[in-house]
Amino acid sequence: MAEVPSLISLCMKKVGKDIILGYDLSPAIYELPSELFDGLLMLLPPLALQKLQEEMPLGSWNGHESTNICFRNGRKRGSCENFNTAWKALFMLRWPDIVRKIQQVDWPAGVAKHESISDWQHMYWETHLQNCIDEAAEIAVLPSFDGCLGEIEIPDMIIKSIGYEGHKSHSTCDYSKLSCHCEQFGSYARCLRLQNILCIAETSHLLRKSQLQQLVLRWIKSNEQIDGLCQLLWQNNETLSSLEFIDCNLLSDSLNAICNSLCTKDTQTYRVQHFSITNTVLERNPASLPPGLVSFLSSGSLCSLKFSDNCLGKNFAKLVFNALLDASSSPFILNLSDNNITGWLFNFNQRSSTWPLSYFGMGKSLQSLRVLNLRGNNLCKDDADNLKHAFPYMPNLEILDLSDNPIEDDGIRSLIPFFVEASEKPSTLADLNLGDCDLSSSGVTQLLDVLSNLKNPLHSLSIAHNKLGSQAAGPLAKFLRTFIRVLNVEDIGLGSSGFLKLQEDIPEEVKLVSINISKNRGGLETANFLLKLISRAPELLVVNAAYNFMPVESLTVVHSSLKVGKGKLKRLDLRGNPRFCQSAHATLFAEFQHCGRPIVILPLSLAAEEPYDDDP
């Protein structure tokens with residue numbers, strides 16, 4: 001039987017409807033006692049809450065916990081914790097899937113993403129407008145569509161979700177049209193995603209109240225779409241700080257026009273700090289870069305640059321690198337991953353050994369480089385040797401990703417002198433990824449020996465997906481004596497004997513926060529290693545032990561290890577072990593939870609997942 005609503009709740013719902021209809025109830029509402037006022041806020045639909053908050057006079061904040069007064073469109077608007085709480089509740093009710101994503105926790109940092117959201121009203125209307133724009137794109141892309149974007153009708157479900165029931169006679173805005181939502185809520189739009197069909201001149205008019213800061217664009221291919229986009233970029237080039245292209249077709253003329261539109265008219269500077277092009281058709285090996293792109297890259301405004309998965313060749317990478325050399329920038333991220341740029345630093349190797357650094361003007365840009373991602377570029381041992389000559393000019397490099405490149409042991413040996421030099425003085429290098437680099441236990445043993453002697457120890461290391469075998473267990477155990485916090489040794493072929501060796505040589509105290517030992521076929525010895533590790537790693541939060549073919553008797557050992565850990569572990573992944581299943585074994589670990597969620601992640605059932613097969 002449905003719960004009978006109280007008289008107060010019925011009255012409050014009626015008040016919400018009347019506010020939307022335009023009845024002037026504000027003076028009476030603002031005089032309500034705090035308890036009733038706060039209760040009303042939690043029951044108002046979004047449109048009513050918006051109107052009440054916008055029209056609340058400055059003097060009425062007395063007694064209602066005002067924390068800040070700001071201005072919007074020339075009108076005084078209050079913002080207090082009570083309103084923010086109401087907006088947060090509305091957001092979580094309407095978009096539970098998004099809430100689950102933003103509530104994900106970065107375990108090593110221990111911080112939930114939603115904790116950084118301070119203005120839920122802004123978040124609500126920005127997400128609402130994005131929903132409207134996405135719905136409009138679904139209609140505009142149809143071949144039969146031949147009209148104005150602003151006249152596209154928004155689905156009733158979206159309109160009703162903000163509390164509007166279609167009382168057109170009481171409203172100056174037709175909420176059934178996209179143009180109305182852009183007019184009313186466009187000023188909240190800071191971060192938007194636009195499909196190619198929306199990159200036309202009309203979009204700039206619809207979003208004229210927006211001051212975009214982040215823009216993500218998909219499937220842009222035609223000149224007409226480029227022209228429409230450039231108009232939008234020009235309109236927002238004073239505020240835009242992040243621009244991302246995905247699955248586009250951007251040849252030289254298009255890139256030139258885009259970069260020119262990012263240049264501010266009055267000061268001839270660039271405000272964009274983060275520029276990304278992913279999975280996009282570009283000219284693979286041009287003789288030169290478009291002048292607009294060169295001007296943009298060398299402006300010094302960039303904090304991060306990403307050209308990833310674009311099938312680029314070494315010439316493009318070399319030209320981009322050269323354009324960055326004279327730039328004076330703040331801490332910088334360069335991502336050239338998933339291309340094919342083998343040989344891109346060949347000239348650098350030759351010139352750096354002949355002429356001084358100042359000749360190239362490289363003291364500015366390379367010294368500011370903090371992150372270098374070269375994953376999946378078909379780099380070989382010669383490229384590693386060339387990179388060795390560049391490293392001395394990157395004294396502030398913190399993160400280096402060379403994964404998925406066949407540099408082999410010879411490539412690692414070329415880089416070892418750089419690590420040896422780093423061990424003799426304080427080094428900023430914190431995260432190193434050498435996963436899937438065709439390394440053997442011999443090369444990794446040499447590497448770990450050098451890394452163990454760094455004055456500033458690594459924070460994170462990955463040597464995953466290298467066929468190292470059980471011989472790597474001894475050097476790994478020795479490496480655990482350092483202050484390493486995050487270690488990834490997934491699929492390196494440890495086997496039972498490797499885990500047994502790790503148990504024998506593991507130090508008395510381990511500083512790990514997160515470790516991935518999955519896909520190593522460790523069997524029962526995996527569980528025995530966990531028992532020892534957890535007892536000696538008091539700060540350990542995350543363990544991935546999936547796909548290790550652990551027998552069912554391992555579960556009692558795992559249970560004992562969690563007991564030893566005294567509840568500090570936040571996540572233990574045991575999926576892919578075919579003898580385990582949630583329905584049969586979840587009760588064994590029911591007592592181990594974090595924030596109401598199980599710590600131990602088990603397969604849903606014995607047949608829920610395909611068996612792992614690591615045979616080549």
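# Exercises on a predicted chain

Phe549 is partly exposed, with a relative accessible area of 30%; buried means under 20%, exposed over 50% and partly exposed in between, for a 1.4 Å probe and protein chains only. The model is predicted: local features need pLDDT of at least 70, side-chain atom pairs count only at pLDDT 80 or more, and totals for chains, interfaces and linings use all residues. Residues are numbered from 1 along each chain as its sequence is written, while side-chain values use heavy atoms and leave out hydrogens and water.

**Exercise 1.** Determine where Phe549 lies and what its phi is.

*Solution.* Step 1: Phe549 is found in the loop between β17 (542-544) and α24 (554-564); helices (H or I, at least four residues) and strands (E, at least two) are DSSP runs, numbered from the N terminus. Step 2: its phi is near 50°, a positive value in a residue other than glycine.

**Exercise 2.** Describe Cys311 in the same terms: place, phi and exposure.

*Solution.* Step 1: Cys311 is placed in the loop between β9 (304-308) and α14 (314-325). Step 2: phi of Cys311 is near 55°, a positive value in a residue other than glycine. Step 3: with a relative accessible area of 47%, Cys311 is partly exposed.

**Exercise 3.** Check the span of helix α5 (residues 81-94) against the expected value.

*Solution.* Step 1: the expected span is 1.5 Å times one less than the number of residues. Step 2: for the 14 residues of α5 this should give 20 Å. Step 3: the end C-alpha atoms of α5 are 20 Å apart, which agrees. Step 4: the buried residues of α5 are Asn82, Phe83, Asn84, Ala86, Trp87, Leu90, Phe91 and Arg94.

**Exercise 4.** Classify the packing of α18 (residues 381-390) and α19 (residues 408-423).

*Solution.* Step 1: the two helices pack at an angle of about 5°, with axes 8 Å apart; axes are lines fitted to C-alpha atoms, for helices over the stretch in contact, and angles run from 0 to 180 degrees between N-to-C directions. Step 2: α18 and α19 are therefore roughly parallel to each other, since angles under 35 degrees count as roughly parallel, over 145 as roughly antiparallel, 65 to 115 as roughly perpendicular and the rest as oblique. Step 3: Lys381, Ala384, Asp385 and Lys388 in α18 meet Asp410, Gly411, Ser414, Leu415 and Pro417 in α19, where contact means heavy atoms within 4.5 Å.
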